[in-house]
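I opened this notebook to record what I looked up, entry by entry. Each entry sets down one topic and what I found under it.

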Amino acid sequence: MEFVIELLSATMRLATPIALAAMGAAVCERSGIVNIAMEGLMLIGAFFAAAVALATGSPWLGLLGGIIFGGLFSLLHAWSTVTLHINHTVSGAIINILAAGLTRFFMVEFYGHPGSSDMVQKTLGDINCAVPLLSKIPLLGPVLFDQSPTVYFMYFFVFFTTFLLNRTKLGLHIRAAGEHPMALETLGISVRKIRYIGVLYSGLLCGFAGSFLAIEYGRFFTEGMTGGRGFIALAANVSGGWTAVGSFVAALFFGFIDALQLKLQVMGIFKIPPEFFHMLPYAATVIAVAGLVRRSRPPADSGNDFSIEKEM
Amino acid sequence: MDKFLSGLKVAAGIGGVVLWAASQFWGILLVLLALGIQMYQNFSRMDREDAVKKLKDLGMSAFYPAVGILAAILIGGLIMAFTGYDPIRAYGALFYGGLVKNWHISLLNATPLIFTGLSIAVAFKAGLFNIGAEGQYYVGSMIATWLAIRFSLPVGLYIPVIFLLAGLSAAAYNIIPTLLKIRTGAHEVVTTMMFAHIATKYSTIFVRNNGGDPATSKHAYVTDAIGESNWLLPLKSIIPGANYRVHIGVLLALTVAVFIWYLLYKTRIGYEIRAVGANKTAAKTQGINSGRTIMTAMLIAGFLCGISGTTQVLGLEHKMYENLNAGYGWNGISVALLAGNDPIGVIFAAILWGILDAGGQYMARTTQTPSAVVEIIKGIILFLILAKYLYFWFGHKLFKGRRKAARGEAA
């Protein structure tokens, strides 16, 4: 029982960054922009979260910094895809390269060496807030309601993103921008503006996810610390059928695999090199994408360039 | 005269290949000579006007890259000035290091990048993004190291076998992601990326099992060295007085680039690859099997990454390091994008990247400017060259005001 609770609790925690980024990807792709820049956006978020937390001593300000800089950097993706009409995948690849270069440059600038930053004294992971009453429920209580605050934020964003996409006017516009942009444009609503908003939303959530990695899951920033999570989040979004709830469920699956491989490593039942365990999440991603992708349909106009001049 | 040239071309081509296969390195010069004659003949057959037009096109295609690179250097200089470094001294060191002092390191850096850049370019031509080139590079390196440590045959015979096997294994590594792409539509960006992470994780185990185990080995985190008979010929053993580590891999890379150009633009396979990449539906109406074509392109892409790793292991390092993190696969993406997926352009792009890397290290050593500046400059170069629309956009913003004023006067 102890083992199951620990495993599921770790699942929740490890699913958090993937779920956050995947929900961002859902909104972004629903608005018609493919975002493979998430790896880079998370990296930028992680760096600034650690840097701000180190400078101010407050993990909350660090989180805010990560979110803001993730959002700012995502505007570059929006600018290049929407305004400059660069192919979305190409722009994403460039932004990932740029993010790796920038964080390395800032590492040298701020801390005098590439590699890892100093340790953050107090992280979000140190703050544990068990929800009174709810955390006393057997099994579910400790798994769902005895976590660090970021996990609760993640729950909130599942509801918020679903509400945003399905119940608001802006959500309707976002979905229309991805399905049939010309229809939206005829109504006098700027497709460009809506797509900027979609990319910005994913940038903010990726910044959040990056902050989680740097100052909740870990205590410092390391170059390349995202380790492919941006792409796993992309896979979670695709497997989850471009919805917030679906993304969350898929992220839980990836979180579970990650938690499982960590537990198996610690238990040491299998006498194989630990690297085989590290491979598990990546292999699971391939399987999930291959198995689930056929059942879901991407937004019709996602990945296509939109310019009024061309449509007319 | 024309007949004589054609004869010379054929003789040089065949003779060169034969000599080269007999591990006589200068055979490749004959191959290059044959190619040169071919190009000369192409131009001389054209009318004067056509030739001028073609040269003009070439000039125009070099225009945007030149502007992009210059602007990126300018922006990089501004960044350095803002962060308290001396841009003029830094750039002086960068170009002195990359072009004069350590020019051979630039070439060494460029060699594997040419292969990986070609790999990504071929996949792009088929409409696929081989973002996991790094993984195929690792597979190629591992297989090459494994074979070269264990066996050695008489001089020169074994090297082509290693190249072939390592290339084929790396190509095979692409089969599953490509099959998934064809059958289920799983996006190759996600699958090849995941495969890349799996391969890099596995390389750690590989190094440990091949003599790099920190518990038992004297040289931890590095495999045993490969036998000298399996090394690629260094140029210094041919050119007297040369004291650098450039090996014939660079000539191989150039030849392969020309071959890939030929494959893409002059053969049926190349035509099919480009047709599928341009428009799948149109290709289908022409009777092209898009699934098979995509598979072919990805196998070629994997093969190229595999021989990239092999060249690096046999030519330069003679062993494999753990956590090498050289990133030739990732950088290959930039090279292919920079070259606009043109195989010949890849050569120049790879050399530019090699110069920036070698120069960046020299700059960091001599002027204490962080070499990460070079990474940022690379990113900006890419951005400026790909965003061709940027120039229209700026022009629009700049001249809109003026045009409005002109309209006002007219009214």
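**Entry 1: A loop residue of chain B**

In which loop is Val246(B) found? I located Val246(B) in the loop between helix 9 and helix 10 of chain B. I note at the outset that the model is a predicted one.

I next asked whether Val246(B) is buried or exposed. Val246(B) is buried, because 21 other C-beta atoms lie within 10 Å, and 20 or more are needed for that label. Not counting residues up to four places away in sequence, I found that Val246(B) touches His104(B), Leu107(B), Leu108(B) and Leu235(B). I also looked up a separation: the C-alpha atoms of Val246(B) and Ile380(B) are 29 Å apart, and their positions lie 134 residues apart along the chain.

**Entry 2: Positive phi values**

I then turned to two residues with an unusual entry for phi. Tyr221(B) is not a glycine, although its phi is positive, about 65°. I placed Tyr221(B) in the loop between helix 9 and helix 10 (249–266) of chain B. Tyr221(B) is partly exposed, with 16 other C-beta atoms within 10 Å.

Asn341(B), likewise not a glycine, has a positive phi of about 60°. Asn341(B) belongs to the loop between helix 14 and helix 15 (343–367) of chain B. I counted Asn341(B) as partly exposed, because it has 19 other C-beta atoms within 10 Å and burial requires 20 or more.

From Asn341(B) I went on to Tyr271(B). Their C-alpha atoms are separated by 15 Å, with the two residues 70 apart along the chain. Tyr271(B) lies in helix 11 (residues 268–278) of chain B and is partly exposed, with 17 other C-beta atoms within 10 Å.

**Entry 3: Helix pairs within chain B**

Two packed helices are described by the angle between their axes and the distance between the axes. I looked up both values for two pairs.

At what angle do helix 10 and helix 11 of chain B pack? The angle is about 70°, and the axes are 5 Å apart. Helix 10 of chain B and helix 11 of chain B are therefore roughly perpendicular to each other. Helix 10 of chain B contributes Leu263(B), Leu264(B), Tyr265(B) and Lys266(B) to the contact, and helix 11 of chain B contributes Ile269(B), Gly270(B), Ile273(B) and Arg274(B). I recorded 5 nonpolar, 1 polar and 2 charged residues in this contact.

For helix 5 (residues 103–125) of chain B and helix 14 of chain B, the angle is about 60° and the axes are 7 Å apart. Helix 5 of chain B and helix 14 of chain B are therefore oblique to each other. Helix 5 of chain B passes helix 14 of chain B in a right-handed crossing. Among the residues that make the contact are Pro112(B), Leu113(B) and Phe124(B) of helix 5 and Tyr328(B), Ile333(B) and Ala336(B) of helix 14. The contact divides into 9 nonpolar and 6 polar residues, with no charged ones.

**Entry 4: Where the chains meet**

I looked up the contact between the chains: 36 residues of chain B are in contact with 37 residues of chain A. On the side of chain B that touches chain A, helix 9 of chain B gives the largest share, 11 residues. That side of chain B holds 24 nonpolar, 9 polar and 3 charged residues.

One helix pair spans the two chains. The axes of helix 4 (residues 88–111) of chain A and helix 16 of chain B come within 8 Å and cross at roughly 155°. That angle makes helix 4 of chain A roughly antiparallel to helix 16 of chain B. The crossing of helix 4 of chain A past helix 16 of chain B is left-handed. Its contact comprises 14 nonpolar, 2 polar and 3 charged residues.

**Entry 5: The nonpolar core**

Which residues touch the most other members of the largest nonpolar core? They are Ala21(A), Ala22(A), Ala50(A) and Val346(B), in a core of 217 residues. Helix 9 (residues 191–217) of chain A gives the most to this core, with 15 residues. I followed Ala50(A) further: leaving aside neighbours within four places in sequence, its contacts include Gly62(A), Val120(A), Ala214(A) and Phe221(A).

How values were computed: Residues are numbered from 1 along each chain as its sequence is written. Chains are lettered from A and ligands numbered from 1 in the order in which they are written. This is a predicted model: local features need pLDDT of at least 70, side-chain atom pairs count only at pLDDT 80 or more; totals for chains, interfaces and linings use all residues. Two residues are in contact if their C-beta atoms, placed from the backbone, lie within 7 Å. Helices (H or I, at least four residues) and strands (E, at least two) are DSSP runs, numbered from the N terminus. Ala, Val, Leu, Ile, Met, Phe, Trp, Tyr, Cys and Pro count as nonpolar, Asp, Glu, Lys and Arg as charged, and the others, Gly among them, as polar. A nonpolar core is a set of buried Ala, Val, Leu, Ile, Met, Phe, Trp, Tyr and Cys residues joined through C-beta atoms within 7 Å. A residue is buried if 20 or more other C-beta atoms lie within 10 Å of its own, exposed if 12 or fewer, and partly exposed in between; C-beta atoms are placed from the backbone. Axes are lines fitted to C-alpha atoms, for helices over the stretch in contact, and angles run from 0 to 180 degrees between N-to-C directions. Angles under 35 degrees count as roughly parallel, over 145 as roughly antiparallel, 65 to 115 as roughly perpendicular and the rest as oblique. A crossing is left-handed if the near helix is turned anticlockwise from the far one by less than a right angle, and right-handed if clockwise.
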